[in-house]
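Colleague: Please take a close look at the aromatic side chains and walk me through what surrounds them. I'd like one connected account, cut-offs included.

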Amino acid sequence: VEFMTDESSHQVNLLDFVAFVIRWRKFLLITILAVSLIVAAISFVLPSKFRSTGVVQASESSSQSIGSLISSKLASLGGISGFMPGMGEVSGQLFIVMLKGRELSERVIDQFDLRTVYHTGEEPIEEVIEVLKGQTNFELDLQANTINIDVEDTSPVRARDMTAYYIEQLDLLNQDINARRAEKEREFIGRRLAVARASLTMCEDSMSAFQLRTGVLDIEEQIKATVQAAAKIEAQRLMTKAELELNIQIFDPGSP
């Protein structure tokens, strides 16, 4: 039995390929040259794009908010605190949603006259926003706790200015959120203060009724006086006991 290898078939295929290239060399050369010219023409016709990147570091609050304090107090209750792990804190994902939101997009379009830049004319604002979304990218880096803002534009100056504008608007959004949160916390503390005052008033009324019923005017002072009187009596008892024991040792048991 003889086994045949396919070395001859490989040689034949290689020779066929070389023959094909030689035979159609003019056509292949013309095709490669035409494709190169088309790519070069497209690169000259299409405008260049510049990318501007901004990185925003999330700020850490130096003081605990009322929400985080409540969450820390509820932590001792076990699973009850699990329903609001980030109460009082603003997540980075929320900032990403705000950056991509319609309100901010419309402000950016008006600020930089992007209808003229994108040649959208009188098209609906939704289409202009879609074009803007294609030129921008917002990503949240959870490990570094940063928000990356990328803007592409045919003008490097406008790309840089748009990036700076996004960062400025993000800072304003953060300030607005902090102001709203502080206002809500003040309202919460005010309501709790009103409840505490009402409870204190009820306790004072109950104390007055108790004093009138029992004749006790000041429980704390009366307890202090009672303790002092008991201590004085105990001291006198110990002195009398010591004096009695001393007399027993000195005098005869039958002595008056």
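Modeller: Let's fix the burial terms: a residue is buried under 20% relative accessible area, exposed over 50%, and partly exposed in between, using a 1.4 Å probe and protein chains only. Keep in mind that this is a predicted model, where local features need pLDDT of at least 70 and side-chain atom pairs count only at pLDDT 80 or more, while totals for chains, interfaces and linings use all residues. Numbering starts from 1 along each chain as its sequence is written, and side-chain values use heavy atoms, with hydrogens and water left out.

Start with Trp 24, which sits in the loop between H1 and H2 (helices are DSSP runs of H or I, at least four residues, strands are E runs of at least two, and both are numbered from the N terminus). With a relative accessible area of 40%, Trp 24 is partly exposed. Its ring partner is Phe 27: the centres are 6.3 Å apart and the planes stand at 75 degrees, so this is an edge-to-face pair (rings of Phe, Tyr and Trp, the last by its six-membered ring, pair if their centres lie within 6.5 Å; planes under 30 degrees apart are stacked, over 60 edge-to-face, the rest tilted). Phe 27 counts as exposed, at 52% relative accessibility.

Both residues also belong to a nonpolar surface patch of about 860 Å², together with Leu 14, Phe 17, Val 18, Phe 20, Val 21, Ile 22 and Leu 28. Helices H1 (7-23) and H2 (25-45) each bring at least two residues to the patch, and H1 gives the most, with six. For the record, patch residues have over 30% relative accessible area and no salt bridge, and nonpolar side chains (Val, Leu, Ile, Met, Phe, Trp, Tyr) are joined within 5 Å. A salt bridge is a Lys or Arg side-chain nitrogen within 4 Å of an Asp or Glu carboxyl oxygen, and areas come from Shrake-Rupley with a 1.4 Å probe.

The whole-structure search finds three aromatic pairs. Another of them joins Phe 138 and Tyr 166, whose centres are 5.0 Å apart with planes at 65 degrees, so that pair is edge-to-face too. Here distant parts of the chain are linked: Phe 138 is in strand E2 (residues 136-141) and Tyr 166 in helix H8 (residues 156-214), 28 residues apart. Phe 138 and Tyr 166 are both buried.

Terms used. Patch = residues over 30% accessible without salt bridge, like charges linked within 9 Å, V, L, I, M, F, W, Y side chains within 5 Å.
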